Amino acid sequence: MAEDDPEKVQEAARWHVQLKKSFSCTICLDFRMNSASTKCQHSFCRKCIEDWIEKNGTRGRAKCPDCNTGGLTKRSLVAEEEVMGRQIALVKKFFEVEMGELKGELDFLNMTVVNKVLLSF
């Protein structure tokens with residue numbers, strides 16, 4: 001695939017970057033697990049955001065790590081639906097399968113090009 005059409009590979013990689021970004025936690029930089037949202041509509045792994053509040057908060061209140069909105073508490077977090085967790089797991093599995101099919105040429109889990117093609121984003 002990559003040898004035949006580098007432009008298609010670049011386009012696919014850009015879409016993968018966007019997809020991973022949509023389902024990633026900006027604290028741990030991995031796919032969100034047990035996802036929770038803030039009042040300012042940012043989503044994180046529940047454990048990551050709870051740890052963030054503990055480490056960066058005063059009297060149990062912290063600022064959002066993405067936008068700096070204050071008043072963030074563990075109690076104010078909203079659990080995202082179980083459906084979202086299943087969607088994230090499917091996206092992660094898709095990346096793993098795709099990487100296997102490309103024989104490691106593209107590592108979509110880490111969003112880097114391993115061989116042959118240089119992508120610029």
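# Exercises on a predicted model: Ser-35 and its surroundings

Leaving out residues up to four places away in sequence, Ser-35 touches Ser-43, Phe-44, Arg-46, Val-78, Ala-79 and Glu-80. The model is predicted, and the exercises below begin from this residue.

## Exercise 1. The setting of Ser-35

Determine where Ser-35 lies, whether Ser-35 is buried or exposed, and which side chain is its polar partner.

Solution.

Step 1. Locate the residue in the secondary structure. Ser-35 belongs to strand 1, which covers residues 35-37.

Step 2. Assess its accessibility. The relative accessible area of Ser-35 is 7%. Buried means under 20%, so Ser-35 is buried.

Step 3. Inspect the side chain. A polar contact of 2.8 Å joins the side chain of Ser-35 to the side chain of Arg-32.

Step 4. Look across to strand 2. There, Cys-45 stands opposite Ser-35.

## Exercise 2. The sheet around strand 1

Establish in which order the strands of this open sheet are arranged, and which strands stand at its edges.

Solution.

Step 1. Read the strand order. The open sheet consists of 3 strands in the order 2-1-3, with antiparallel pairing.

Step 2. Identify the edges. Strand 2 (43-45) and strand 3 (78-79) each have a single partner strand, so one side of each lacks a neighbour in the sheet.

Step 3. Examine one pairing. Strand 1 pairs with strand 2 in the antiparallel sense, over 3 bridges.

## Exercise 3. The helix across the sheet

Describe how helix 2 is placed on the strands, and which of its residues are buried.

Solution.

Step 1. Place the helix. Helix 2, residues 46-56, lies across strand 1, strand 2 and strand 3. Its direction is at about 95° to strand 2.

Step 2. List the buried residues. In helix 2 these are Arg-46, Cys-48, Ile-49 and Ile-53.

Step 3. Find what they pack against. The buried residues of helix 2 pack against strand 1, strand 2 and strand 3.

Step 4. Return to the starting residue. Arg-46, one of the buried residues of helix 2, is also among the residues that Ser-35 touches.

## Exercise 4. Two residues before strand 3

Compare the surroundings of Ser-76 and Leu-77, both of which lie in the loop between helix 2 and strand 3.

Solution.

Step 1. Consider accessibility. Ser-76 has a relative accessibility of 17% and therefore counts as buried. Leu-77 is buried as well, with a relative accessible area of 9%.

Step 2. Consider Ser-76. A polar atom of its side chain lies 2.8 Å from the backbone oxygen of Thr-73. Apart from residues up to four places away in sequence, Ser-76 touches Ser-37, Lys-39 and Gly-71.

Step 3. Consider Leu-77. With neighbours within four places in sequence set aside, its contacts include Ala-36, Ser-37 and Thr-38, as well as Arg-46, Ile-49 and Ile-53.

Step 4. Relate sequence to space. Leu-77 and Ala-36 are 41 residues apart in sequence, yet their C-alpha atoms are 6.0 Å apart.

## Exercise 5. Positive phi values

For Leu-29 and Gln-41, state what is notable about phi and whether each residue is buried or exposed.

Solution.

Step 1. Recall the general expectation. Most residues other than glycine have a negative phi.

Step 2. Examine Leu-29. Its phi is near 65°, a positive value. Leu-29 lies in the loop between helix 1 (6-23) and strand 1, and is exposed, with a relative accessible area of 61%.

Step 3. Examine Gln-41. Its phi is near 70°, likewise positive. Gln-41 lies in the loop between strand 1 and strand 2, and is exposed at a relative accessible area of 65%.

## Exercise 6. The whole chain and its confidence

Summarise the make-up of the protein, and state where confidence is lowest and where it is highest.

Solution.

Step 1. Describe the secondary structure. The protein has 3 helices and 5 strands, following the pattern α-β-β-α-β-α-β-β along the sequence.

Step 2. Describe burial and contacts. Of the 121 residues, 33% are buried. Among contacts between residues at least 6 apart in sequence, 45% join residues at least 24 apart.

Step 3. Describe the surface. The protein exposes about 8100 Å², of which carbon and sulfur atoms supply 52%.

Step 4. Weigh the confidence. The average pLDDT is 78, and 75% of the residues score at least 70. Confidence is highest in helix 2, at 95, and lowest in strand 5 (residues 112-113), at a mean of 42. Over residues 111-121 the pLDDT is below 50, although this stretch has 28 contacts in the model beyond near neighbours in sequence. Where pLDDT is low, the predicted coordinates should not be read in detail.

Key:
Residues numbered from 1 in each chain as written. Predicted model: local features only at pLDDT ≥ 70, side-chain atom pairs only at ≥ 80, totals over all residues. Heavy atoms only, no water. Helix = DSSP H or I, 4+ residues; strand = E, 2+ residues; numbered from the N terminus. Buried < 20%, exposed > 50% of the residue type's maximum accessible area, 1.4 Å probe, protein only. Polar contact = N/O pair within 3.5 Å; in protein donor to acceptor, adjacent residues only side chain to side chain. Contact = heavy atoms within 4.5 Å. Pairing = 2+ DSSP bridges. Axes fitted to C-alpha atoms, helices over the stretch in contact; angles between N-to-C directions. Areas by Shrake-Rupley, 256 points an atom, 1.4 Å probe, with all protein chains shown as cover. pLDDT = per-residue confidence, 0-100.
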